[in-house]
Number of protein chains: 2
Amino acid sequence: MIGSMTPHRPTLIADAAIALIAERGLRGLTHRAVDEEAGLPAGSTSNLARTRAALLDLALARIVERETEGSPVMADALPDGAEARELLVHGGADLLHRALTVGRTLTLARLELALEATRRPELRAGYDRLGARFTDLATALLARCGSADAPGDARRLIRWCDGVLFNSTAGSGHDRVPTPEELRGETARYLAALLDHD
Amino acid sequence: MIGSMTPHRPTLIADAAIALIAERGLRGLTHRAVDEEAGLPAGSTSNLARTRAALLDLALARIVERETEGSPVMADALPDGAEARELLVHGGADLLHRALTVGRTLTLARLELALEATRRPELRAGYDRLGARFTDLATALLARCGSADAPGDARRLIRWCDGVLFNSTAGSGHDRVPTPEELRGETARYLAALLDHD
DNA sequence: TCCCCGCCACTACGGCTGTAGTGGCCTCTG
DNA sequence: CAGAGGCCACTACAGCCGTAGTGGCGGGGA
């Protein structure tokens with residue numbers, strides 16, 4: 001009987017690891033620290049993820065899971081034309097806003113792991129899988145908005161989003177989180193630059 | 001007799017620390033590891049930077065120093081009009097390209113420290129000082145290009161650059177470094193979006 | 001019913017880390 | 001020339017880390 005009230009151990013441990021990465025960095029991610037954060041007896045994390053690499057994999061897999069669950073833009077069939085563009089602006093801005101507020105922990109951990117993936121090929125694979133999902137979705141939507149170069153524009157859009165996320169969490173002079181309206185405005189503006197330029 | 005052939009110890013140690021951060025992450029930054037990387041006897045780093053926080057400060061200060069030295073765009077008096085725009089495109093694209101090639105180590109270390117600064121106010125101060133330099137310069141140049149909202153556009157430009165840097169070093173699917181021509185094209189394109197919209 | 005297998009709490013250990021102390025050398029000052 | 005102060009090599013130590021082993025418990029299949 002594994003329900004939402006008693007998340008099974010791997011999930012509990014992975015979430016604790018993510019929280020730890022966000023608040024103490026990868027340096028603070030320790031088998032024993034995860035035990036403590038999760039409120040589990042010492043040794044639990046070490047048992048589930050014997051090596052440190054396994055622990056990182058666990059955390060990343062859970063990030064992918066949480067990051068792509070229940071996103072409105074991830075829904076069923078994709079619309080066309082102006083409706084697709086509307087979805088791209090609203091969905092995109094909403095995704096960004098959530099990543100900067102309720103999902104800030106997730107975002108910080110993801111950035112941290114992205115940097116770590118620079119040095120760990122196994123992580124890189126998992127991280128790229130996460131990225132591919134967003135890239136594919138963006139490509140499809142952009143194509144339906146009339147982009148002349150959907151893959152290129154998708155790459156540009158993702159890059160721009162990475163900039164917003166990094167800059168608003170770790171960049172210099174980020175005194176406050178942008179409001180949803182600001183994000184919507186900036187997103188619409190950047191999309192216009194991509195799609196409506198002569 | 002402290003010359004360029006024998007960089008004095010603090011610089012040598014700081015550069016070793018930067019290299020270490022880039023190639024092993026903050027987790028790999030250790031007093032003893034820096035000694036080894038710098039080819040100095042054990043204890044040298046510990047003597048210069050007694051605490052770990054001091055070592056991080058040292059590395060960041062050196063990053064600021066190296067990042068802002070000898071940049072063509074940092075030069076003397078700023079031009080106006082089309083010339084300013086040309087400088088912004090060429091200088092910006094060149095800065096990006098160098099940050100992704102010869103300065104990759106510096107860029108990686110900077111990103112890593114930016115994330116760390118999330119948790120360390122002292123670092124945040126130093127990091128913001130670095131950011132302010134670029135922001136101020138961008139603001140001045142954008143104003144001379146006819147930007148109606150130079151501070152806002154500068155923030156957008158910096159954000160976009162952060163995206164390019166992060167995405168091209170740690171992002172998903174970054175199989176290769178963009179060529180200087182690509183970077184110039186993208187930079188010109190984004191600037192056009194900022195300056196020539198409607 | 002009984003046995004087997006996976007899960008879990010707990011322990012062990014070698015190695016590394018941050019930090020601080022000590023004494024020697026070299027240089028600069030008066 | 002004498003003294004002092006700074007830099008540096010080396011050492012000390014307590015604590016923490018990754019990893020692996022062990023034994024007990026409980027549930028599921030034969």
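**Two DNA strands, two protein chains and the domains of chain A**

In this predicted model, DNA strand D is surrounded by 17 residues. The closest are A:Thr30, A:Thr51, A:Arg52, B:Pro41 and B:Gly43. Two elements each give two or more residues to this surface: helix H2 (31–38) of chain A and H3 of chain B. By class, the surface near DNA strand D holds four nonpolar, nine polar and four charged residues.

DNA strand C has 18 residues around it. Here the closest are A:Pro41, A:Gly43, B:Thr30, B:Thr51 and B:Arg52. Chain A supplies at least two residues of the surface near DNA strand C from helix H3 (44–48). Chain B does so from helix H2 (31–38) and from helix H3 (44–48). Four residues of the surface near DNA strand C are nonpolar, ten are polar and four are charged.

The protein chains also touch one another. Chain A puts 33 residues into the contact, and chain B puts in 33 residues. On the side of chain B that touches chain A, helix H6 (104–117), helix H7 (121–144) and helix H8 (150–169) of chain B each supply at least two residues. H8(B) gives the largest share, eight residues. The side of chain B that touches chain A divides into 14 nonpolar, eleven polar and eight charged residues.

Chain A was then examined by domain. The domain assignment gives domain 1 (9–50) and domain 2 (72–195) of chain A. Their C-alpha centres lie 28 Å apart. Six residues from domain 1 of chain A and six residues from domain 2 of chain A make up the contact between them. On the domain 1 side, five of these residues are nonpolar, one is polar and none is charged. A separate annotation comes from UniProt. An unreviewed entry there lists residues 85–196 of chain A as "domain: Tetracyclin repressor-like C-terminal group". Over residues 85–196, chain A is 80% helix and 0% strand. The end C-alpha atoms of this stretch are 12 Å apart.

Helix H1 of chain A covers residues 9–24. Its length was checked against expectation. At 1.5 Å a residue, its 16 residues should span 22 Å, and the end C-alpha atoms are 22 Å apart, so the two values agree. Buried residues of H1(A) include A:Ile13, A:Ala14, A:Asp15, A:Ala16 and A:Ala17. A:Ile18, A:Leu20, A:Ile21 and A:Ala22 are buried as well. The buried residues of H1(A) pack against H2, H3, helix H4 (52–67) and helix H6 (104–117) of chain A. After H1(A) comes A:Gly25, with a positive phi near 80°.

One residue further along chain A was taken as a single case. A:Thr135 sits in helix H7 (residues 121–144) of chain A. A:Thr135 has 18 other C-beta atoms within 10 Å. A residue counts as buried at 20 or more such atoms and as exposed at 12 or fewer. A:Thr135 is therefore partly exposed. Leaving aside residues up to four places away in sequence, A:Thr135 touches A:Ala154, A:Ile158 and B:Gly173. Contacts of A:Thr135 thus include residues of chain A and a residue of chain B. From A:Ala59, A:Thr135 is 76 residues apart in sequence and 22 Å apart in space, C-alpha to C-alpha.

Terms used. Residues numbered from 1 in each chain as written. Chains lettered and ligands numbered in written order. Predicted model: local features only at pLDDT ≥ 70, side-chain atom pairs only at ≥ 80, totals over all residues. Near = placed C-beta within 6 Å. Helix = DSSP H or I, 4+ residues; strand = E, 2+ residues; numbered from the N terminus. Nonpolar A, V, L, I, M, F, W, Y, C, P; charged D, E, K, R; others polar. Contact = placed C-beta atoms within 7 Å. UniProt positions renumbered as here; feature names shortened; annotations may be inferred. Domains from an automatic or database assignment. Expected span 1.5 Å × (residues − 1).
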